[in-house]
Amino acid sequence: MAARVLDGTAVAARIREELRPAVADFAARAGRPPGLGVVLAGEHAASEIYVASKLKAAADIGCRADLVRLPASATLDEALAAVRSLNDSAVHDGILVQSPLPEGMGATAEQAVFDTIDPSKDVDGFTPVNVGRLSQNRAVLAPCTPTGVIELLRRSGLDLVGARAVVIGRSDIVGKPMAMLLLHQHATVTICHSRTRDLPAVVRQADLVVAAIGRPAFIEPDWIRTGATVVDVGTNRVTDAAVVHRLFPEGSPRRAAFERRGSLVVGDVHPGATEVAGALTPVPGGVGPLTIALLLRNTLTAAEQRLACGASR
Ligand code: NAP
């Protein structure tokens, strides 16, 4: 039997609708809407699409949304100056710097940027202060993608207390904060990575699997325990027809979509997992839409916090 689909698109739409009146209420009290400032450096095709969706989603619920664009040749100092200007802005409550930064800025540029963002405006939850608060279970602004996963599981009525959760991936933006949030929900958490021994055996223990690896269809169906919940964070654009043909049978809607467009977005979990899992997030339409909805929620939270402490004019 096919797994229950955890519909991230529908949950994200509900969150946005909940935020709309709260944004209007903030604007009435503050005399201005919550403001999001996005810094985009260089010309990265995927980043252009992500940033456009974030700005549109923010404007759609009544937020102010501004783009600060830097050329691919911009220096790290210029990126830091853009962040400092948003730190000082009275009308911007949230700051987001889109990754990846241009290679010319150096290998440690992202860390330097996160170290510079005012933690009270850090709507991505990546600054050291907010990472520390998350670890102490007193986060105000936590990373959007893993917070979105928790929101999806909670609103789908899935109980995490005592559940054996296996998170595959240990990045600062997904894997590590995901593990921390699951721990705070009282799950028993194992974090896996590229050096984990016998990954299939570890995954087979899980009541909940969160895959955040970045490898198309890497998690095989026979790694999944029957009835387990599977959250697929992976977003992998596949252009190789052989890969698509291996994953999706002839005549299936996904294969037809590939034939039309020449590419397909595929998760980290093999689509056959739907025959084994109890519940599963689709890709696309699972975790992705929640990331943006939680960014909007963090922007409103930051705005409310700044208004409460008198920092907002
Ligand atoms: P990342 O920084 O590249 O981290 C990938 C993680 O996967 C690393 O910890 C790596 O282990 C682990 N890994 C790689 N190969 C592995 C293997 N063979 N076995 C076990 N673990 C392995 O990626 P990320 O930024 O966390 O993103 C992960 C995926 O989520 C990507 O597809 C990304 O596009 C997607 N994503 C989606 C959203 C969304 O909104 N839907 C948001 C963010 C990211 P090591 O640490 O040992 O190298």
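**Figure 1. Val203 lies in helix 8, which spans residues 199-203.** The model shown here is predicted: local features need pLDDT of at least 70, side-chain atom pairs count only at pLDDT 80 or more, and totals for chains, interfaces and linings use all residues. Residues are numbered from 1 along each chain as its sequence is written, and side-chain values use heavy atoms, with hydrogens and water left out. Helices (H or I, at least four residues) and strands (E, at least two) are DSSP runs, numbered from the N terminus. Val203 counts as buried because its relative accessibility is 0%; buried means under 20% relative accessible area, exposed over 50%, and partly exposed in between, with a 1.4 Å probe and protein chains only. Setting aside neighbours within four places in sequence, Val203 is in contact with Val166, Ile168, Val209, Trp223 and Ile224, where contact means heavy atoms within 4.5 Å. Val238 is 35 residues from Val203 along the chain, and the C-alpha atoms of the two are separated by 24 Å.

**Figure 2. Ala3 is placed in the segment before strand 1 (4-5).** With a relative accessible area of 9%, Ala3 is buried. Not counting residues up to four places away in sequence, the residues that Ala3 touches are Thr274, Ala277, Gly278, Ala279 and Leu280. To follow a pair that is 278 residues apart along the chain, look from Ala3 to Thr281: their C-alpha atoms are separated by 9.3 Å.

**Figure 3. Thr127 belongs to the loop between helix 4 and helix 5 (128-135).** Its relative accessibility is 2%, so Thr127 counts as buried. Once neighbours within four places in sequence are left aside, Thr127 has contacts with Phe114, Ile117, Pro119 and Asp122.

**Figure 4. Two cis peptide bonds, Ser99 to Pro100 and Val283 to Pro284.** Most peptide bonds are trans. Between Ser99 and Pro100 the bond is cis, with omega about -5 degrees. You will find Pro100 in the loop that runs between strand 4 (94-97) and helix 4 (109-116). At the bond from Val283 to Pro284, also cis, omega is near -5 degrees. Here the loop that holds Pro284 lies between strand 11 (279-280) and helix 11 (287-308).

**Figure 5. Positive phi at His186 and at Ala217.** Most residues other than glycine have a negative phi. Phi is about 75 degrees at His186, which is not a glycine. His186 has its place in the loop between helix 7 (175-184) and strand 6 (188-192), and this residue is exposed, with a relative accessible area of 54%. Ala217, another residue other than glycine, has a positive phi near 55 degrees. The loop between strand 7 (208-211) and strand 8 (229-232) contains Ala217. Unlike an exposed residue, Ala217 is buried, at a relative accessible area of 3%.

**Figure 6. The ligand is surrounded by 21 residues.** Each residue in this shell has a heavy atom within 4 Å of the ligand, and the closest are Arg170, Ser171, Ser194, Thr235 and Thr291. By type, the shell divides into eight nonpolar, 11 polar and two charged residues; Ala, Val, Leu, Ile, Met, Phe, Trp, Tyr, Cys and Pro count as nonpolar, Asp, Glu, Lys and Arg as charged, and the others, Gly among them, as polar. In the side chain of Ser171, an N or O atom is 2.5 Å from an oxygen atom of the ligand. Thr235 has a backbone N or O atom 3.0 Å from a ligand oxygen atom. For His193, a backbone N or O atom lies 3.5 Å from a nitrogen atom of the ligand. On its own the ligand has 930 Å² of accessible area, and the protein covers 71% of this; accessible areas come from the Shrake-Rupley method with a 1.4 Å probe, and for residues only the protein chains shown count as cover.

**Figure 7. The chain behind the close-ups has 11 helices and 11 strands.** Its radius of gyration is 20 Å, close to the 20 Å that the globule rule gives for 313 residues, so the chain is as compact as a globular protein of that length; the radius is taken over C-alpha atoms, and the rule is 2.2 Å times the number of residues to the power 0.38. Along the principal axes, the C-alpha atoms fill a box of roughly 55 × 45 × 35 Å. Of the 313 residues in the chain, 49% are buried. Among contacts in the chain with a separation of 6 or more, 70% are between residues 24 or more positions apart. The accessible surface of the chain comes to about 14,400 Å², with 54% belonging to carbon and sulfur atoms.

How values were computed: A polar contact is a pair of N or O atoms within 3.5 Å; within protein, one must be able to donate a hydrogen and the other to accept it, and residues adjacent in sequence count only if both atoms are side-chain atoms.
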